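I opened this notebook page to record what I looked up in the structure, entry by entry. The sequence and the model come before the entries.

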Amino acid sequence: MLPFLFLAAAIAAPDGYSQAKETGDCTLFTGPADDSGIAPMFTECHWPEVDPAYLQGLLGVWDAYDKYIFAIESCTILKTEGNRTLVHQVQSAPAISNREVAVWMQKTEVDGGFRFTWKDDPSVALTLAKGNIRSPKNEGYWQVTAHPESGAVVQHAVHYDPGGRVPSWLVRRFSIGGLSDVMRDVRAMAAAGSKSTEDPAP
């Protein structure tokens with residue numbers, strides 16, 4: 001645990017963010033709310049059992065996020081331009097209509113690893129399924145770098161506004177709990193994949 005405590009002290013949360021929760025070797029922070037009352041989220045983790053290269057490979061498959069992020073129902077690649085890819089996502093959450101969004105996703109190199117960003121593009125026309133709502137804001141990133149002692153350092157930021165008539169307090173409540181669940185699920189999948197690459201063939 002000591003390496004993670006050192007890491008948490010060394011990598012500060014973005015300016016204006018306050019700590020909201022600690023869970024599963026991750027520290028979650030909330031940022032200042034925007035004009036709609038929606039606060040961005042940021043989390044940083046040390047996962048010693050995860051191979052950073054494996055997790056980077058996982059996050060670089062843009063149309064596979066629905067395989068391990070429970071809130072994403074489907075991902076469809078619409079087009080690729082240079083080093084960025086436009087993806088249509090259908091997202092779900094308890095007790096509200098499904099949301100749809102078109103996001104540009106991109107992989108960029110950072111010191112010691114890679115960052116995987118996404119940002120909604122409201123100029124892209126979408127034909128929404130009956131009853132669905134288009135999210136007015138969906139942006140963020142995953143960043144995966146190698147920890148100097150073992151495993152991966154993982155940062156995840158997200159600023160998501162579901163739109164519609166969802167109260168901001170309910171969005172915040174779901175965001176904190178939902179982000180914890182996402183980090184747990186991604187860690188489990190990445191750890192299992194990392195182990196499979198280490199195990200010798202029978």
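**Entry 1. Pairing around β7**

I began with β7, which pairs with strand β9 (residues 137-146) in the antiparallel sense over seven bridges. The model I am reading is a predicted one. Within β9, I found Trp142 as the bridge partner of Phe116.

I then turned to strand β6 (residues 99-110), which is joined to strand β7 (residues 113-120) by eight bridges, again in the antiparallel sense. Here I noted that Gln106 has Thr117 in β7 as its bridge partner. The hairpin of β6 and β7 has two residues between the strands, and Gly112 takes a positive phi near 85° there.

**Entry 2. The chain as a whole**

I next counted the elements and recorded three helices and 10 strands. Read from the N terminus, their order is α-β-β-β-α-β-β-β-β-β-β-β-α. Of the 202 residues in the chain, 45% are buried.

For the contacts with a separation of 6 or more, I noted that 52% are between residues 24 or more positions apart. The accessible surface of the chain is about 10,400 Å², and carbon and sulfur atoms account for 54% of that surface.

**Entry 3. β1, β2 and β3**

I looked up how β1 and β2 are joined: they run antiparallel, with five bridges between them. Gln19 stands opposite Phe29 in β2. Two residues lie between the strands of this hairpin, and Gly24 has a positive phi near 55°.

On its pairing with β3, β2 is again antiparallel, over five bridges. Leu28 has Thr43 in β3 as its bridge partner.

How many residues of β2 are buried? I found five of its five residues buried, and I entered the strand as mostly covered. In a regular strand, side chains alternate between the two faces of the sheet. I therefore sorted the side chains of β2 by direction: Cys26, Leu28 and Thr30 point one way, Thr27 and Phe29 point the other way, and all are buried.

Glu22 I placed in strand β1 (residues 18-23). Its relative accessible area is 55%, so I entered Glu22 as exposed. I also took the separation of the C-alpha atoms of Glu22 and Glu44, which is 9.8 Å for two residues 22 apart along the chain.

**Entry 4. The disulfide**

I searched for disulfides and found one in the structure. Cys26 and Cys45 form it, with their sulfur atoms 2.0 Å apart. The torsion about their S-S bond is about 110°, so I recorded the disulfide as right-handed. The pair links distant parts of the chain, as Cys26 is in strand β2 and Cys45 in strand β3, 19 residues apart. Are these two cysteines buried or exposed? Both Cys26 and Cys45 are buried.

I checked Cys75 as well, and its relative accessibility of 11% means that it counts as buried.

**Entry 5. Aromatic pairs**

My search of the whole structure for aromatic pairs returned four. One of them is Phe29 with Phe42: the ring centres are 6.1 Å apart and the planes at 40°, so I entered the pair as tilted. Phe29 lies in strand β2 (residues 26-30) and Phe42 in strand β3 (residues 41-47), so this pair ties together parts that are 13 residues apart in sequence. Phe29 counts as buried at 11% relative accessibility, and Phe42 counts as buried at 3%.

I then examined Tyr65 and Tyr68, whose ring centres are 5.6 Å apart with planes at 40°, so this pair is tilted too. The relative accessibility of Tyr65 is 3%, and it counts as buried. Tyr68 is buried, with a relative accessible area of 5%.

Which residues do ring pairs link into a cluster? I listed Trp62, Tyr65, Tyr68 and Phe116. For Phe116, I refer back to the bridge with Trp142 in β9.

**Entry 6. Charges over rings**

Last, I looked up arginines placed over aromatic rings. The charged end of Arg84 sits over the ring of Trp104, at 3.6 Å from the ring centre. Arg115 lies over the face of Tyr141, and here I recorded 3.8 Å from the ring centre.

How values were computed. Residues are numbered from 1 along each chain as its sequence is written. This is a predicted model: local features need pLDDT of at least 70, side-chain atom pairs count only at pLDDT 80 or more; totals for chains, interfaces and linings use all residues. Side-chain values use heavy atoms; hydrogens and water are left out. Helices (H or I, at least four residues) and strands (E, at least two) are DSSP runs, numbered from the N terminus. Buried means under 20% relative accessible area, exposed over 50%, partly exposed in between (1.4 Å probe, protein chains only). Contact means heavy atoms within 4.5 Å. Accessible areas come from the Shrake-Rupley method with a 1.4 Å probe; for residues, only the protein chains shown count as cover. Rings of Phe, Tyr and Trp (its six-membered ring) pair if their centres lie within 6.5 Å; planes under 30 degrees apart count as stacked, over 60 as edge-to-face and the rest as tilted. A charge sits over a ring if NZ of Lys or CZ of Arg is within 6 Å of the ring centre and within 35 degrees of the ring normal. Two strands pair if DSSP finds at least two bridges between them. A disulfide is a pair of cysteine sulfur atoms within 2.5 Å.
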